[in-house]
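Student: I would like to go through this model step by step, from the overall make-up to single side chains. Can we begin with the terms that will be needed?

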Amino acid sequence: MNATLLAVVLSLFSAVAYAAAAVAQERLASRNPGAGLLRMLRSGAWWCSVLLNASAALLHAVALKYGPLTVVQPLGALTLVAAVPMGARVAGRRVSAREWRGTAYTLIGLSAILLVASGSAPENVLSTSEAVTVAAVTAALIGILARPGTRPGLRHASASGFASGVASALTQTVTVAATDRSESLLSLQVVGVALLVAAFAAAGLLLSQTAYRDGLGAPLAVVTLANPLAAAIIGLSLLGEGLRGGAAGILLALAGAGLASWGVLLLSRVPTPTPAPISVEEDHPVAAVLALEPSLRDVKVPRPSEPGHLTAPR
């Protein structure tokens with residue numbers, strides 16, 4: 001199988017796994033808006049989302065072995081395609097026309113970027129000094145975006161996307177350096193960059209968890225845009241990747257970025273219903289069912305003095 005085609009197939013499976021993880025995280029965040037990290041760590045559903053994220057990351061890492069950043073990263077937009085209808089189904093509602101339009105614009109825009117991206121297999125990787133510099137700049141940017149303040153959803157989503165995009169670039173460095181045997185598995189470059197990958201991947205996961213408290217569509221769309229943007233900056237400036245078509249290719253990429261941004265704007269205007277949070281007292285299975293089905297709690301039970309009450313025969 002062609003290397004680029006293999007990278008595309010692996011990216012498809014990775015996107016579906018990321019979408020399922022995003023939907024699970026959004027449901028947990030919306031039902032437990034004030035839950036702390038310790039409570040999340042005790043949640044089996046949260047660990048399932050972590051497992052889905054890990055599986056998606058593994059598929060993504062293998063895809064980066066066979067395809068360049070400018071090809072593999074835009075395919076992450078397929079996460080949005082899968083997550084929007086998946087999230088709507090889990091929430092028991094229909095996908096709105098605005099959501100379909102926003103998703104379509106985002107995908108068409110990113111597809112235009114993918115069309116002009118170079119498709120050769122990755123050859124260059126980040127040096128140790130480049131990896132450290134990229135990590136330091138990204139950490140500072142994440143610190144600015146993750147600062148306390150109002151409406152943190154889209155800011156945390158942007159930070160999560162940048163963290164994930166940089167983690168992908170660093171993952172490619174580790175994967176290529178380790179598999180082509182240019183570096184030992186225990187070399188400073190491989191071990192040091194692998195630790196940076198783990199740190200940025202964990203940061204991206206936790207930041208996305210807080211971002212999804214404001215709903216799934218807009219934060220996930222921002223993550224979907226910020227991720228390839230960060231990877232493209234690294235690929236174009238440090239790894240020698242380029243855009244095909246010269247000036248026309250650059251214009252097409254800019255037009256695609258604009259269309260994708262409009263899709264994000266449409267998704268950010270979609271109201272997201274907030275389900276009732278599950279309190280500590282609702283950990284009992286029966287109470288949890290009642291929390292998920294509020295209509296059952298609204299059923300009025302007649303008192304003995306009210307009509308309709310059935311009295312047992314004496």
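Tutor: Contact here means heavy atoms within 4.5 Å. The model is predicted.

Student: How many helices and how many strands are there in the protein?
Tutor: Read along the sequence, the pattern is α-α-α-α-α-α-α-α-α-α-α-α-α. The count is 13 helices and zero strands.

Student: What percentage of the residues of the protein count as buried?
Tutor: A residue is called buried when its relative accessible area is under 20%. The protein has 314 residues, and the share that counts as buried is 44%.

Student: What is the accessible surface of the protein, and what share of this surface belongs to carbon and sulfur atoms?
Tutor: The accessible surface comes to about 16200 Å². The share belonging to carbon and sulfur atoms is 68%.

Student: Among contacts between residues at least 6 apart in sequence, what percentage join residues at least 24 apart?
Tutor: The count leaves out contacts between residues less than 6 apart in sequence. Of the contacts that remain, the part joining residues at least 24 apart is 80%.

Student: Which residues does His60 touch, not counting residues up to four places away in sequence?
Tutor: His60 lies in helix H3, residues 44-66. With a relative accessible area of 13%, His60 is buried. Outside the excluded stretch of sequence, His60 touches Ser14, Tyr18, Val72, Gln73 and Ser168.

Student: How are H7 and H8 oriented to each other?
Tutor: Two packed helices are described by the angle between their axes and the distance between the axes. For helix H7 (residues 128-145) and helix H8 (residues 153-179), the axes come within 9 Å and cross at roughly 170°. Angles over 145 degrees count as roughly antiparallel. H7 and H8 are therefore roughly antiparallel.

Student: Which residues of H7 and H8 make the contact?
Tutor: On the H8 side the contact is made by Arg155, His156, Ser158, Ala159, Phe162, Ala163, Val166 and Leu170. On the H7 side the residues are Ala131, Val134, Thr138, Leu141, Ile142 and Leu145.

Student: Is Thr173 buried or exposed, and with which residues is Thr173 in contact, leaving aside neighbours within four places in sequence?
Tutor: Thr173 is found in helix H8. Its relative accessible area is 2%, so Thr173 is buried. With the sequence neighbours set aside, Thr173 is in contact with Val125, Leu126, Gln189 and Val193.

Student: At what angle do the axes of H5 and H6 cross, and which residues make the contact?
Tutor: The axes of helix H5 (residues 78-91) and H6 come within 9 Å, and the crossing angle is roughly 170°. That makes H5 roughly antiparallel to H6. The contact is made by Leu78, Leu80, Val81, Val84 and Pro85 of H5 and by Glu99, Trp100, Thr103, Thr106 and Leu107 of H6.

Student: How far apart in space are Glu99 and Val84, C-alpha to C-alpha?
Tutor: Glu99 is found in helix H6, residues 97-116. Glu99 and Val84 are 15 residues apart in sequence. C-alpha to C-alpha, the distance in space is 7.6 Å.

Student: Which side chains meet in a salt bridge?
Tutor: A search of the whole structure finds one salt bridge. At 5% relative accessibility, one partner, Glu99, counts as buried, whereas Arg93 is partly exposed at 31%. The N to O distance is 2.9 Å, and the side chains are those of Arg93 and Glu99.

Student: What separates the C-alpha atoms of Val264 and Arg101?
Tutor: Val264 lies in helix H11 and counts as buried at 12% relative accessibility. Leaving aside neighbours within four places in sequence, the contacts of Val264 are with Thr106, Ala221, Val222 and Leu225. Val264 and Arg101 are 163 residues apart along the chain, and their C-alpha atoms are separated by 10.0 Å.

Student: Which helix gives the largest share of the nonpolar patch?
Tutor: The patch on the surface is formed by Leu236, Leu243, Ile250, Leu251 and Leu254, with about 470 Å² of accessible area together. Leu251 counts as exposed, at 59% relative accessibility. The largest share, three residues, comes from helix H11.

Technical notes:
Residues are numbered from 1 along each chain as its sequence is written. This is a predicted model: local features need pLDDT of at least 70, side-chain atom pairs count only at pLDDT 80 or more; totals for chains, interfaces and linings use all residues. Side-chain values use heavy atoms; hydrogens and water are left out. Patches are made of residues with over 30% relative accessible area and no salt bridge: like charges are joined within 9 Å, nonpolar side chains (Val, Leu, Ile, Met, Phe, Trp, Tyr) within 5 Å. Accessible areas come from the Shrake-Rupley method with a 1.4 Å probe; for residues, only the protein chains shown count as cover. A salt bridge is a side-chain nitrogen of Lys or Arg within 4 Å of a carboxyl oxygen of Asp or Glu. Helices (H or I, at least four residues) and strands (E, at least two) are DSSP runs, numbered from the N terminus. Buried means under 20% relative accessible area, exposed over 50%, partly exposed in between (1.4 Å probe, protein chains only). Axes are lines fitted to C-alpha atoms, for helices over the stretch in contact, and angles run from 0 to 180 degrees between N-to-C directions. Angles under 35 degrees count as roughly parallel, over 145 as roughly antiparallel, 65 to 115 as roughly perpendicular and the rest as oblique.
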